Every structure is written in structure tokens, then in C-alpha cells.
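Please open the structure in a viewer and set the display to cartoon. The tour below proceeds by selection, and each stop states what is to be found there.

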Amino acid sequence: MDSYFAQSKLLWSPIQPRTTFAEVLRREINRKRGLNLKSYYDLHKHSIEDYIFWLDLWDFLGIVSSVPPTKDAILEPGRYPEIPNWFPNARLNYAENLLYRKDDAIALTGVGESGALVHISFRELNERVRAMSTALRVNGLKVGDRVAAIVTNSVNAVVVALATAVVGGIFSSTATDMGTQGILDRYRQIQPKFIFAETESLYAGKVVDLLPKVADIVTDLSTQGLEQAILLPSRISGKELHIPDMSKSTTLAVFLKADDKRPIEFEQLPFGQPLFILYSSGTSGKPKCIIHSAGGVLLNSKKSIKLGFNLTPEDTYFQYTTTGWMMWTYMLTGLSCGSRIILYDGSPFHPSVETYLKFISDQGVTSLGTSPRFLSELQGRGIKPLDLAPSAFESLRTMCVTGAIFTPPMFEWTQEAFGKHVHLLSTSGGTDICTAFVTGTPSMPVYSGEIQVKDLGMKVEVFDVSGRNIEHTGQPGELVCTRPHPSLPLGFWGDESGQKLKDAYFNTYPGIWRQGDFIIVNPITKGMLILGRSDGVLNPSGVRFGSGEIYTVMEQFSTFIDDSLCIGQRRQHDKDERVLLFLKMRSGFKFTLELETAIKKAIRKGLSARHVPAYVFEVSDIPYTVNGKKIEIAVKQIVSGSNLQPSGTVANPESLQLYYKYRDIENVVGTVKAKL
């Protein structure tokens with residue numbers, strides 16, 4: 001246990017913890033229920049023992065509903081034994097909760113690489129959603145119909161998503177950089193009635209003509225129920241572009257002519273009404289279509305954002321994301337807190353990363369969401385955000401880092417780089433639940449590299465292979481959730497029997513949700529570390545550990561090494577699994593025997609001799625998903641003998657070809673040694 005938490009040191013402490021929403025909620029529940037909850041831990045214990053917590057949370061968050069829930073109908077048996085039906089008698093509309101403000105304060109700020117800003121007030125957002133929802137209704141959208149989108153992170157994307165929710169449709173989006181096959185793998189399954197699509201995009205200074213790809217997708221989906229494709233005007237040229245000779249396509253301007261100016265009408269729907277369809281990564285096969293409920297997404301995401309970030313109507317929330325990542329739907333919930341949301345489309349490194357950082361600071365962002373990969377790039381380039389200006393990041397109060405393993409060294413560098421006043425928190429949840437299992441709270445101290453707390457209402461435990469809770473031992477194990485919560489998925493689209501759902505989450509420990517993350521709890525601070533995906537747990541000679549431990553040590557070499565990938569290899573004729581470490585060098589630096597020796601020595605010293613990789617290799621590229629997640633499992637399968645066909649979710653699919661040669665490890669080793 002000592003090696004895991006050797007770098008755990010106090011980085012940040014709250015100045016006024018009693019004023020945080022988490023503490024206000026604790027005191028309110030004490031008054032309401034006659035309890036004596038004294039800390040966040042007491043509040044969490046109550047939240048996982050009594051379902052009445054969710055009713056109190058509903059009231060505290062101010063959920064807007066036409067029929068509120070009652071304490072005698074919090075949950076009932078659902079379609080599957082593991083997933084109950086929450087608040088069966090309540091009626092609400094997700095979009096109505098996000099559009100409760102109707103004043104002239106700014107709701108959305110859209111911006112791209114050009115730096116041109118578009119500000120949309122809450123009043124204007126309400127009007128745009130009204131017009132779009134009316135046009136959808138007039139064109140035949142009904143409750144339960146699917147609306148798909150191939151869109152950038154923009155005002156139009158938000159308007160379409162909320163308008164779909166107004167009517168009771170189900171919204172599903174992909175980013176514009178996803179390949180044709182990847183998009184079809186998703187949308188063929190859900191058979192949308194409408195699809196909204198960008199016609200041009202701009203990334204890293206390059207304009208991409210999307211019309212050919214969109215035309216192919218529309219042609220394909222037209223045979224499966226697609227009634228209309230609505231082409232969005234180019235945000236680059238401002239032009240309305242067309243698909244020649246395609247009767248089912250129209251422009252946004254023409255589509256909106258169907259608006260008959262009727263008042264907005266929020267369909268009042270059950271708590272469990274389907275709202276979003278998100279997708280599993282699908283890096284080695286067709287993605288699973290995960291159905292999320294309107295009430296579950298609203299209640300659990302708003303809880304996580306409001307209590308974790310302490311978000312208020314005076315705040316500005318900026319999450320760097322694409323529309324293909326669950327963080328986009330998560331981010332939208334910020335509107336329900338009355339906050340301004342910044343929608344950034346493009347590369348943070350174009351025209352320069354300094355320009356991007358200055359924009360965040362100048363816009364007075366109070367809550368920033370980013371990834372470990374971005375922060376690692378800043379460190380590698382020697383960029384210190386606080387050096388941009390004397391008052392840089394003065395408004396920044398909260399910084400949430402998610403999407404990959406956030407190592408202790410990078411944690412400490414980020415705290416120093418963005419300011420010791422910033423509440424730096426790490427979270428882990430997933431597309432599967434559209435919120436967090438473990439998260440941060442501004443009412444508690446932060447220790448280096450540690451996720452602060454279990455999210456309220458989430459009964460997170462750490463299991464060993466036999467299903468015993470081992471979190472008190474300080475040993476790593478599987479992250480499981482042993483009690484239902486409202487944002488469990490309704491199911492997978494097309495999985496009528498529910499077998500795929502059960503196989504994905506409930507089979508390892510029958511009836512218990514297994515997230516697929518390898519986690520450890522610090523018995524002293526109660527903070528947590530995610531050590532990697534449990535499917536990718538490294539297991540040489542029976543010693544189990546996560547790739548995140550290796551990545552933590554690799555931070556020492558960020559000057560020379562741009563990126564790394566650590567996986568296990570197990571072939572049929574091998575007695576045991578071996579650990580392979582792949583390095584992508586920074587420009588101007590070479591992989592040498594001396595560097596390999598230094599890396600192995602650092603791993604042995606920082607972890608143990610059992611953690612030292614059997615082999616270290618240089619590669620020209622590391623595979624990532626289009627959402628910026630490092631792909632370990634697919635590489636592990638390839639080097640272990642699988643003939644993997646990458647799906648459209650791999651951002652750089654050609655990189656996977658680099659790893660096939662490592663099946664013949666002995667031959668590769670001989671070649672590498674000869675070169676060194």
C-alpha cells in the first residue's frame with residue numbers, strides 16, 4: 001500500500017466549507033429528517049442507506065416538474081431486476097429544467113479557432129428552442145422518435161438537443177471527425193427519423209468539407225426510416241450548403257419555416273422517459289447503444305455538478321469536449337444551475353495553446369473541465385498558465401480533470417501551474433451512467449493524485465476476484481456499485497432480452513454493477529486512485545497492478561517522452577503474462593539503451609521489481625479514441641494474437657497496425673538490440 005500513496009500529500013483545503021452546497025444539503029437533511037449527520041462521510045452513508053435521500057435531493061436541486069414525486073413511490077421493480085423504475089408517478093421535462101431562466105444573462109458562448117464569439121442569452125436560447133421544437137413537431141416528431149446529429153460543439157447542437165427533449169424525442173450525437181463507418185455503426189442501430197448535420201468543420205486550421213460523408217450517411221439511413229436530413233449552415237463561411245440531387249435533405253432555414261409561432265410546449269413525461277442514446281467505445285466491434293433516462297441524467301448530473309463544482313447562476317462553466325463524448329451531455333446540465341456554458345469547437349493548440357489558455361482566463365471561467373492528456377502536453381512544452389498575465393486565471397475556482405488516469409506528479413504540477421487557490425478535483429464515472437461514481441467536493445481537503453470522495457447516492461465498493469470488499473485493506477480491486485441509483489441505463493437499444501446489458505455489467509458479480517475500473521482506497525485519507533481499466537490489469541506472475549502506476553513514473557521523463565502505452569501480453573504458448581511498455585518520443589529526442597535503463601530503474605525504485613516491464617519499445621504513434629482516451633485493450637488483444645478490425649471510434653486507426661509485429665516478440669527484440 002505504501003507505494004501507491006507515497007506521493008499523497010495535502011494540496012488544497014477549503015476556506016469556508018460550511019458555505020458549500022454539500023454542507024448546506026447536509027444541514028437541510030438534518031433539519032428535515034431529525035438526523036445528526038456531522039460530515040460528508042455521514043451524509044454519504046445516509047445517501048446509500050435510505051432511498052428518501054433522492055427525494056430530498058430532488059427538492060434541494062429544485063427539479064421542475066408538473067407532478068412531483070412522493071415518498072411512497074420512490075422506486076418500483078423495473079424491466080430488469082438490477083435496474084428499478086425510479087419515481088414512477090412523477091412527470092417532468094428535461095429541457096424545461098435547463099431552460100428555467102428566461103432573462104438576458106448569457107446562457108451560451110460559442111467560439112472556435114478564429115476567436116469570434118457568439119453570445120446567446122437565456123431569453124434567446126428559449127426562443128430558439130421553441131422555434132426548433134415547433135418545427136420538429138410540425139414535421140412529425142413524436143415522443144420516442146430518434147433525432148441524430150453529426151455536429152460540432154456549438155449553439156445549434158445545444159438547440160437541437162433541447163428541442164428534441166421538449167417534444168419527448170431521443171437525441172443522439174456524434175462528432176464531425178468520426179468516420180462514415182463509425183457513424184453508421186451507431187445510427188443504423190437506432191434508426192433516426194431526423195438527422196442534423198454540419199456541412200463544414202474547422203480543426204487545427206484546416207477546413208473539412210463534410211458534404212460527401214454526410215451524403216453517404218443520409219443515403220444509407222434513408223433505407224432505414226430516415227425522413228429528413230437538415231443541413232446546418234457553415235460556421236466558417238456562413239453559407240447554406242446543399243447535397244445535390246437529394247430530396248430528403250433541406251437547410252436549417254427552410255426547416256425552421258415550419259415554425260407556426262405557437263408557445264413552447266414541454267411534454268410532461270415519466271422520470272424514466274428515454275432522453276439520450278450514448279455509445280460504448282466500440283474500439284473492437286460495433287458500439288453498444290446505451291439508453292439514458294431524462295430524470296436519471298437530470299437528477300444525477302445536476303447533483304454531481306452543483307455539489308461537486310459548487311456551480312451557481314453567477315458561474316461560467318467550460319468543459320472541453322466534443323459532442324460524441326458523455327461529457328457533452330453532462331456539461332449541458334450546467335444550464336439547470338443557471339450558469340453560462342462555453343462551447344469551444346476546434347483544437348486547443350491552434351493557432352496556439354497560449355491563445356486558448358488566454359481565452360479561458362479572459363472569459364472569467366470559474367469551473368474548467370479538461371483532460372490529463374492536455375495537461376501533460378502543457379507540461380511537456382514547458383508552458384506555465386499562470387505566466388500568461390499577472391491576473392491569469394484569477395476567476396478560476398474549480399478545475400475538474402477526467403477522461404484518463406490523472407497521476408500524482410501531474411496532479412501536483414497542475415495545482416502549481418493553475419494556482420494554489422484552485423480546487424483541483426479528479427472524477428471517474430462513465431458513458432454507462434452519464435455521471436460520476438467517485439468525485440470531488442469543495443467541502444473537503446485534496447490530497448495529491450487522489451479522488452476525494454464517493455459521490456452521494458453511489459454505493460461504491462472495492463471487490464477482490466471472489467467478491468469480497470477489500471477497500472479497508474489498501475489493496476487494489478474492482479470498482480463496483482452495490483446499490484441502484486437513478487442514472488443506471490434503461491438498457492441497450494435492440495437488446496430486448498437484456499442479456500447484453502447483463503453481460504456488460506452484472507455477470508462478474510451476479511446482480512452487482514461492475515464498472516470495469518481498477519481502484520484502490522487510501523485507508524488514511526479515504527481518497528481513491530484509479531489504476532486503469534480492470535480488463536487491462538497487468539498480471540505478471542500473479543501480481544496484479546494497473547497501467548496508471550507505470551504512467552505515474554513516466555511523468556519523470558516527460559521532457560523526452562511525448563506519450564506511453566503500457567499493456568500486458570499473453571500468448572497461447574506463454575506460461576505467464578509479460579508487461580510491454582511502448583514509448584512515443586518527443587521531436588528531437590531518441591530512444592536509447594540508456595533511457596530504457598533509466599526508465600526501468602525508476603519503475604523499480606518507485607514501485608517494485610515486479611512492476612518493471614519485460615520490454616520497452618519505441619513506436620511512432622499511440623492509438624486513441626475520438627474522445628481522447630488511450631486505447632490499451634485493443635493493443636493488448638493485438639499483441640496477444642487477435643486479428644482486430646478497428647471500428648470508427650479509433651481516431652488514428654492506422655496506429656494499431658504498428659503493434660501487430662510485437663506478436664513475434666523475440667524477433668522484434670533482436671532487431672531493436674541490433675539498432676541500439
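A crossing of two helices is called left-handed if the near helix is turned anticlockwise from the far one by less than a right angle, and right-handed if it is turned clockwise. The model on display is predicted.

**First stop: a helix pair.** Select residues 180-190, helix H7, together with residues 211-221, helix H8. Their axes lie 10 Å apart and enclose an angle of about 30°. Angles under 35 degrees count as roughly parallel, and H7 and H8 are therefore roughly parallel to each other. Viewed along the line of sight through both, H7 passes H8 in a right-handed crossing.

Next, show the side chains at this contact. From H7, select Thr-180, Ile-183, Leu-184, Tyr-187 and Arg-188; the residues they meet in H8 are Lys-213, Asp-216, Ile-217, Asp-220 and Leu-221. By character, the residues of this contact comprise five nonpolar, four charged and one polar.

**Second stop: a strand and its two partners.** Move to residues 228-231, strand E13. Which residues lie on each side of E13? Gln-228 and Ile-230 are on one side, Ala-229 and Leu-231 on the other, and all are buried, so that both faces of the strand are covered. In a regular strand, side chains alternate between the two faces of the sheet.

Add residues 194-197, strand E10, which runs parallel to E13 and is joined to it by four bridges. Here Ile-195 stands opposite Ala-229 of E13.

Finally, add residues 249-251, strand E14, which pairs with E13 in the parallel sense over three bridges. At this pairing, Leu-231 stands opposite Thr-251 of E14.

Definitions and conventions
Residues are numbered from 1 along each chain as its sequence is written. This is a predicted model: local features need pLDDT of at least 70, side-chain atom pairs count only at pLDDT 80 or more; totals for chains, interfaces and linings use all residues. Side-chain values use heavy atoms; hydrogens and water are left out. Axes are lines fitted to C-alpha atoms, for helices over the stretch in contact, and angles run from 0 to 180 degrees between N-to-C directions. Helices (H or I, at least four residues) and strands (E, at least two) are DSSP runs, numbered from the N terminus. Angles under 35 degrees count as roughly parallel, over 145 as roughly antiparallel, 65 to 115 as roughly perpendicular and the rest as oblique. Contact means heavy atoms within 4.5 Å. Ala, Val, Leu, Ile, Met, Phe, Trp, Tyr, Cys and Pro count as nonpolar, Asp, Glu, Lys and Arg as charged, and the others, Gly among them, as polar. Buried means under 20% relative accessible area, exposed over 50%, partly exposed in between (1.4 Å probe, protein chains only). Two strands pair if DSSP finds at least two bridges between them.
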